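Got the viewer open? Let's walk through a few stops, one selection at a time.

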Amino acid sequence: MGSPGMSRALSVLWTVTPSIYPQPWRSCSRCGEPRPFRCSGKFRLNANGKRLDAWLVYKCMACDGTWNHAVIERRAARDFEPAVLAALEANDANLVRRFAFDLAALGKSVHRIEEFAEVTVPKTLLGEAPVHVPSLEIALDVPVPISLRLDRLLAAELGLSRNRIAAMAQAGRISASGALNRRCRDGGRVRLDFADEADAEVIWRAAICEAAASGRRDCPG
Ligand SMILES: [Zn+2]
């Protein structure tokens, strides 16, 4: 066991996951005009004969009319691993998410896709928290693309204003592997040096605690 060092950075993994599926806009045959469609979280399968088709089912936000988004088209059934087939039949949440966030595939059948910035950010402490925390390293795990700027994510999760984030970046106390005004990227890293900040402990505690919807924070330990 190492002793808590003065210069050791606190290291934390943020898994940034959108809480709302992207909504494709398409002309609803029932409404007779363009409407946003929400992902139902369910697949429709047609495994007749040797060919397999699968659709992810969407519902019109206005009339609940159905639109089936083709995710697997006329593929030889024997090419499918039983596990994939079972996941389709069970409406496996991870598989739904993979297809629901495949904007390139969705974009082939719709003109416009509405994305949402709402995210949940479970946080995993990597190693033990040192007694004194002069700096913080945040690793970003972004399993599906999100339309959320890095500075907005940092401001929301650290409980700081975006002006404060900008000022700290200007002073060299925040450095990131990507631009702060661009989308959060998978594998991104952010380093904060805040030894001189009066509220350093408030900041690093926020960094390792998941912000609950109520505004309360669920902290480990
Ligand atoms: Zn409709």
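Start by selecting strand β11 (residues 174–176): three bridges join β11 to β12, and the two run antiparallel. Strands here are DSSP runs of E, at least two residues long, and helices are runs of H or I, at least four long, numbered from the N terminus; two strands pair if DSSP finds at least two bridges between them. I174 stands opposite L192 in β12. Before going further, note that this is a predicted model, where local features need pLDDT of at least 70 and side-chain atom pairs count only at pLDDT 80 or more, while totals for chains, interfaces and linings use all residues. Residues are numbered from 1 along each chain as its sequence is written, and side-chain values use heavy atoms, with hydrogens and water left out.

Now show the side chains of β12 (residues 189–193). V190 and L192 point to one face and are buried, while R189, R191 and D193 point to the other and are not. Buried means under 20% relative accessible area, exposed over 50%, and partly exposed in between (1.4 Å probe, protein chains only). Add β10 (residues 135–141), which is antiparallel to β12 and joined to it by five bridges; S135 stands opposite D193.

Next, click on the zinc ion. Which residues coordinate the zinc ion? They are C28, C31, C60 and C63, each through SG, at 2.2 to 2.3 Å. Donors are N, O and S atoms within 2.8 Å of the metal (3.2 Å for Na, K and Ca); water is not among the atoms, so sites may look incomplete. The donor angles run from 103 to 114°, so the arrangement is tetrahedral (for four donors, all angles between 85 and 135 degrees). In sequence the donor residues follow the spacing C-x2-C-x28-C-x2-C. C60 is buried at 1% relative accessible area, whereas C63 is partly exposed at 23%.

Then go for the aromatics. Rings of Phe, Tyr and Trp (its six-membered ring) pair if their centres lie within 6.5 Å; planes under 30 degrees apart are stacked, over 60 edge-to-face and the rest tilted. The count is four aromatic pairs. Select Y21 and F101: with centres 5.7 Å apart and planes at 50°, the pair is tilted. Y21 is in the loop between β2 and β3, and F101 in the loop between α2 and α3, so the pair ties together parts 80 residues apart in sequence. Y58 and W67 are also tilted, at 5.4 Å and 45°. Add F37 for the last selection: ring pairs link F37, Y58 and W67 into a cluster.

Note on methods: Four donors count as tetrahedral if all angles lie between 85 and 135 degrees; four count as square planar and six as octahedral if opposite donors are over 155 degrees apart and all others between 65 and 115; anything else is irregular.
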